[in-house]
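Got the viewer open? Let's take a walk through this one, stop by stop, picking something to select each time.

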Amino acid sequence: AYDGSDGCHGEGGDSGIAQPVLIVFAKEEQRREKEGAEGDQIGEQEQGGVHFAKPRHQLRGARMEDRIAAAGSDATLAAGRAKALTGAGWLLRDFGDFTGMKNCFEECLALCEHLEDKSKLAFALYSVGYANFLIGDLEASIQTIEESISLYRALSDEVSAALPLFMLGRIATSQGDYERAQRCLMASFEIERKRGAPFGVARTLGNLGELAIYRGEYARAESYLEQSQSILNELGERQLSTWVLTKRGELAWRQDDLVQARSFLDAGLRLSQEIGYRWNTAYALTYLGLVALSEGDLQRAESLCEDSLALFRELESEQDIAQTQKDLARVLLYRDECMRAMALYKECLGVLARRQCLPDLAECFEGLATLRSLQGDLISATRLFGAAEALRQTIGAPMPPVLRASYERSVASLCAQLDGRTFAENWAKGRALTLEQVLDCTRA
């Protein structure tokens with residue numbers, strides 16, 4: 001049963017299969033507990049579509065300490081419950097219930113501490129860290145994941161450190177810390193390669209491809225993603241395949257190859273909908289919207305981005321909501337709906353700043369600079385463009401070719417309206433601003 005649910009956190013499983021398997025497992029654990037605890041009344045609780053039969057002392061509201069104490073001295077029972085909680089947590093991630101996911105993992109963590117099983121404790125720390133990342137508590141996420149790596153290394157278990165290293169690489173990528181991302185992902189890749197784990201290799205190759213996209217290394221990105229896709233096809237894995245297909249579509253869009261982009265994105269969307277992978281469905285819709293924008297179909301672009309945003313809102317995926325708001329604002333800017341675009345930029349900036357998503361912030365600054373220019377605030381617009389350029393250079397995230405033409409038109413318009421000295425002075429002032437000073441400018 002645990003092997004079935006284990007696939008939900010990236011070992012090639014299928015949540016549609018794991019869900020009923022997990023329920024059977026949980027009910028068997030419940031049966032064993034009921035036989036050993038006469039008179040305990042049974043209740044049911046539903047979380048994210050998974051029904052768990054629970055004894056009275058485990059119903060919502062019971063203190064964590066009471067739940068652990070109720071397990072008594074039966075280490076086998078406690079270990080079984082920890083496994084069920086782990087599987088449930090990863091399933092709840094697929095259902096978009098990140099708070100429920102974190103609750104399951106934290107209870108599992110407490111059980112592992114009670115069991116004094118350091119290996120299980122290390123994995124529970126990683127799981128809690130991943131949940132914190134999805135919720136948006138990056139400081140807690142990085143701390144617990146690093147604790148997990150330290151514990152695995154103290155146990156001389158370098159193999160198990162591959163997954164938390166991979167996760168640290170993902171976090172660093174989203175924050176624009178590309179050097180750290182490269183170190184963590186390559187360390188994870190080498191571990192997976194040496195132990196002969198094809199899924200782990202494919203997963204890490206995919207994220208190395210993503211990192212290469214953001215660094216503007218498009219040929220390397222395509223190589224990584226193509227290798228990842230080939231391995232996943234051989235394994236018959238579908239969930240990660242949807243993400244790799246969509247990522248290849250994003251790569252083609254960034255290079256302004258709209259035909260190739262649509263081909264990959266349509267394939268990723270179809271497979272996502274077929275297996276019920278809602279997160280990747282939303283992700284594919286966003287980039288199909290951006291392809292439509294590049295093709296000049298503004299109405300379709302807005303509709304697709306709106307659909308994506310609605311789905312991410314249902315999933316309560318904070319960072320994805322903010323990133324999609326940024327992309328929808330770009331579409332609205334082209335539709336001359338400046339007030340709606342401004343509202344979206346301002347709404348997403350707080351989340352992206354708190355989560356330190358520096359590449360996305362650079363795009364927001366460029367979008368707001370264009371808006372300020374259209375509103376006649378030429379000095380502010382010039383400074384924002386300068387700040388965005390400096391941020392891109394600092395993190396090593398060049399502007400993708402698909403955005404270059406519109407960017408150059410906006411900058412040329414500013415140059416035409418300002419004398420050369422004023423333009424150069426304010427561009428330089430923008431480049432010299434700290435991130436917090438730039439954010440203050442955007443709030444004005």
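Which residues does Phe-365 touch, not counting residues up to four places away in sequence? Select Phe-365 and have a look: the list is Leu-349, Leu-384, Ala-388, Leu-391, Leu-435, Val-438, Leu-439 and Thr-442. Keep in mind as you go that this is a predicted model.

**The whole chain**

Now zoom out. The chain holds 22 helices and two strands. It has 444 residues, of which 56% count as buried. Take the contacts between residues at least 6 apart in sequence: 61% of them join residues at least 24 apart.

**The core**

Phe-365 is a good way into the interior. In soluble globular proteins, nonpolar side chains tend to be buried together. Here the largest nonpolar core has 131 residues. Select Met-101, Tyr-126, Tyr-130, Trp-253, Leu-361 and Phe-365 to see the ones with the most contacts inside that core. Then colour helix α6 (residues 118-135), which gives this core its largest share, 11 residues. Apart from the largest core lies another one, of six residues; Leu-245, Phe-264, Ala-267 and Ile-275 are among them.

**Two partners for α22**

Next, show α18 (358-374) together with helix α22 (residues 435-443). Two packed helices are described by the angle between their axes and the distance between the axes. For α18 and α22, the angle is about 40 degrees and the axes are 11 Å apart. That angle makes α18 oblique to α22, and their crossing is left-handed. Switch on side chains to see who meets whom: Leu-358, Leu-361, Phe-365, Leu-368 and Arg-372 from α18 face up to Leu-435, Val-438, Leu-439, Cys-441 and Thr-442 from α22.

Keep α22 on screen and add α17 (338-354). The axes of α17 and α22 come within 11 Å and cross at roughly 160 degrees. Angles over 145 degrees count as roughly antiparallel, so that is how α17 and α22 run relative to each other. This crossing is left-handed too. On the α17 side, pick Lys-346, Leu-349 and Ala-353; on the α22 side, Leu-439, Thr-442 and Arg-443.

**Along α5**

Hide those and bring up helix α5 (residues 98-115). With 18 residues at 1.5 Å a residue, α5 should span 26 Å, and its end C-alpha atoms are 25 Å apart, which agrees. Plenty to colour here: Phe-98, Gly-100, Met-101, Cys-104, Phe-105, Glu-107, Cys-108, Leu-109, Ala-110, Leu-111 and Cys-112 are the buried residues of α5. Step just past the end of α5 and you reach Glu-116, with a positive phi of about 60 degrees.

**Along α20**

Helix α20 (residues 401-417) has 17 residues. From first C-alpha to last, α20 reaches 25 Å, close to the 24 Å expected. An α-helix has 3.6 residues a turn, so residues three or four places apart point the same way. With that in mind, select the buried residues of α20: Val-402, Leu-403, Ser-406, Tyr-407, Ser-410, Val-411 and Leu-414. What covers them includes α12, α14, α16, α18, α19 and α21.

**Stops in the loops**

Most residues other than glycine have a negative phi, and most peptide bonds are trans. Two loop residues are worth a click for their positive phi. Ser-156 has a phi near 60 degrees and sits in the loop between α7 and α8. Asp-336 has a phi near 65 degrees and belongs to the loop between α16 and α17.

Are Ser-156 and Asp-336 buried or exposed? Ser-156 counts as exposed because its relative accessibility is 69%, and Asp-336 does so at 62%.

Now try Ser-317, in the loop between α15 and α16. At 5% relative accessibility, Ser-317 counts as buried. Leaving aside neighbours within four places in sequence, Ser-317 is in contact with Phe-98, Trp-279 and Phe-312.

**Last stop: Leu-232**

Finish in helix α11 (residues 218-235), where Leu-232 lies. Leu-232 counts as buried, at 0% relative accessibility. Draw a distance from the C-alpha of Leu-232 to that of Pro-198: these two are 34 residues apart along the chain, yet separated by 8.2 Å. Beyond residues up to four places away in sequence, Leu-232 touches Phe-199, Ala-202, Glu-237, Leu-240, Ser-241 and Val-244.

Note on methods. Residues are numbered from 1 along each chain as its sequence is written. This is a predicted model: local features need pLDDT of at least 70, side-chain atom pairs count only at pLDDT 80 or more; totals for chains, interfaces and linings use all residues. Side-chain values use heavy atoms; hydrogens and water are left out. Helices (H or I, at least four residues) and strands (E, at least two) are DSSP runs, numbered from the N terminus. The expected span of a helix is 1.5 Å times one less than its number of residues. Buried means under 20% relative accessible area, exposed over 50%, partly exposed in between (1.4 Å probe, protein chains only). Contact means heavy atoms within 4.5 Å. A nonpolar core is a set of buried Ala, Val, Leu, Ile, Met, Phe, Trp, Tyr and Cys residues joined through side-chain atoms within 4.5 Å. Axes are lines fitted to C-alpha atoms, for helices over the stretch in contact, and angles run from 0 to 180 degrees between N-to-C directions. Angles under 35 degrees count as roughly parallel, over 145 as roughly antiparallel, 65 to 115 as roughly perpendicular and the rest as oblique. A crossing is left-handed if the near helix is turned anticlockwise from the far one by less than a right angle, and right-handed if clockwise.
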